[in-house]
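Take a look at the structure below. This report covers two ligands and the space that holds them.

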Amino acid sequence: MKVGLKGTPIVVSAPSGAGKTTLCKLLAKKYPGEIIYSVSATTRKPRRTEKDSVNYFFLSEQIFKQWTREGKFIEWAKVHNHFYGTPKKILEERLQKGYNSILDIDVQGGMRIKKFYPEGIFIFLLTKTVDILKSRLKGRRTETKESIEKRIKNARKELQYIKEYDYIVINDTIKKTADTIAAILIAEGCLMKRNKQFIKTFKRNL
Ligand code: ADP
Ligand code: 5GP
């Protein structure tokens, strides 16, 4: 099935461990040619399974700062002590070509994207309970005890932005959640405001 949405940024934010990376990657895989995963740049060190240019563009702090000075990011933020940013040119070109780009970014970045693309789709992902969030974060086995504590503490701040998002999706099972997000995208693609050009062309051909 197709999602039928075109040229739209889809922002997915969530506290660390809620599952946004898993779901964004899965949706990009499920809808090739329609949804493309936006690879961010970061100064964080790669995790064991992460690959440069696939999960992130892993940059030194010096190069990251150079990219910010050169205006290469549409947004960037400091999250959990590291820098993260969305490369501007790749995103713009992708949207112009009619692809949708799914952005797994924090709430600060989400708000910046909303300023540039108010027509974007903004989804906040949560787990059903705080305990599930903690256990998923621990279960990922990528963070030290201190880093887990920092990420949980940050969750409280991130939740302050939840009202700025259009949708709240509870990450129950991965499949159910991916289907829910796909349903949102399909419905968004049917919005009258997103189909003005189509209607215009249809009328012209009548
Ligand atoms: P985030 O990007 O939000 O920090 P991840 O995508 O890394 O979160 O997910 C955190 C951990 O939870 C990972 O180990 C992932 O495999 C697991 N996970 C994600 N979604 C689910 C789910 N629906 N059910 C069980 N485990 C999940
Ligand atoms: P992680 O280190 O777990 O991969 O990501 C930490 C946080 O940084 C997550 O909330 C993630 O969504 C966010 N993040 C990843 N890429 C970007 C980005 O390009 N911009 C912003 N603002 N946040 C990002």
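Ligand 2 occupies the largest pocket. The elements that give two or more residues to the shell around ligand 2 are β5 and β6. The model is predicted.

**The pocket**

How large is the volume of the largest pocket? The value is about 830 Å³. Two strands and two helices give two or more residues each to the lining: β5 (73–79), β6 (82–87), α1 and α6 (145–159). Helix α1 gives the most, with 5 residues. In total, 38 residues line the largest pocket. Nearest its centre lie K20, T21, R47, D104 and R140. By class, the lining has 15 charged, 13 polar and 10 nonpolar residues.

Ligand 1 sits in the largest pocket too, where ligand 2 also lies.

**Around ligand 2**

The shell of ligand 2 holds 17 residues. The closest are S40, R44, Y56, E75 and Y84. Sorted by class, 7 residues of this shell are charged, 5 are polar and 5 are nonpolar.

Which atoms of the protein meet ligand 2 in polar contacts? Side chains take part, S40 among them: a polar atom there lies 2.7 Å from an oxygen atom of the ligand. The side chain of E75 has an N or O atom 2.7 Å from a nitrogen atom of ligand 2. The backbone takes part as well: a polar backbone atom of G85 is 3.2 Å from an oxygen atom of ligand 2. How much of ligand 2 does the protein bury? Taken alone, ligand 2 exposes 510 Å², and the protein buries 97% of that.

**Around ligand 1**

Ligand 1 has 14 residues around it. G17, T21, T22, R140 and D172 come nearest. T21 and R140 are also among the residues nearest the centre of the largest pocket. Helix α1 (residues 20–30) gives the most to this shell, with 3 residues. Helix α1 likewise gives the most to the pocket lining. By class, the shell around ligand 1 has 7 polar, 4 charged and 3 nonpolar residues.

The polar contacts of ligand 1 include one with a side chain: a polar side-chain atom of T21 lies 2.5 Å from an oxygen atom of the ligand. Backbone atoms also appear. A polar backbone atom of A18 is 3.4 Å from an oxygen atom of ligand 1. A polar backbone atom of I174 is 3.3 Å from a nitrogen atom of ligand 1. Taken alone, ligand 1 exposes 560 Å², of which the protein buries 77%.

**Polar contacts listed**

| Ligand | Ligand atom | Protein partner | Distance |
|---|---|---|---|
| Ligand 1 | oxygen | T21, side chain | 2.5 Å |
| Ligand 1 | nitrogen | I174, backbone | 3.3 Å |
| Ligand 1 | oxygen | A18, backbone | 3.4 Å |
| Ligand 2 | oxygen | S40, side chain | 2.7 Å |
| Ligand 2 | nitrogen | E75, side chain | 2.7 Å |
| Ligand 2 | oxygen | G85, backbone | 3.2 Å |

Notes: Residues are numbered from 1 along each chain as its sequence is written. Chains are lettered from A and ligands numbered from 1 in the order in which they are written. This is a predicted model: local features need pLDDT of at least 70, side-chain atom pairs count only at pLDDT 80 or more; totals for chains, interfaces and linings use all residues. Side-chain values use heavy atoms; hydrogens and water are left out. A residue is near a molecule or strand if one of its heavy atoms lies within 4 Å of it. A polar contact is a pair of N or O atoms within 3.5 Å; within protein, one must be able to donate a hydrogen and the other to accept it, and residues adjacent in sequence count only if both atoms are side-chain atoms. Accessible areas come from the Shrake-Rupley method with a 1.4 Å probe; for residues, only the protein chains shown count as cover. On a 1 Å grid over the protein atoms alone, a cavity is a set of points where a 1.4 Å probe fits but cannot get out, and a pocket is an open set with protein on both sides within 12 Å along at least five of seven lines; lining residues have an atom within 4 Å of a point. A molecule sits in a cavity or pocket if more than half of its atoms lie within 2 Å of its grid points. Helices (H or I, at least four residues) and strands (E, at least two) are DSSP runs, numbered from the N terminus. Ala, Val, Leu, Ile, Met, Phe, Trp, Tyr, Cys and Pro count as nonpolar, Asp, Glu, Lys and Arg as charged, and the others, Gly among them, as polar. Grid points are joined across faces, edges and corners, and a volume is the space filled by probe spheres set on the points.
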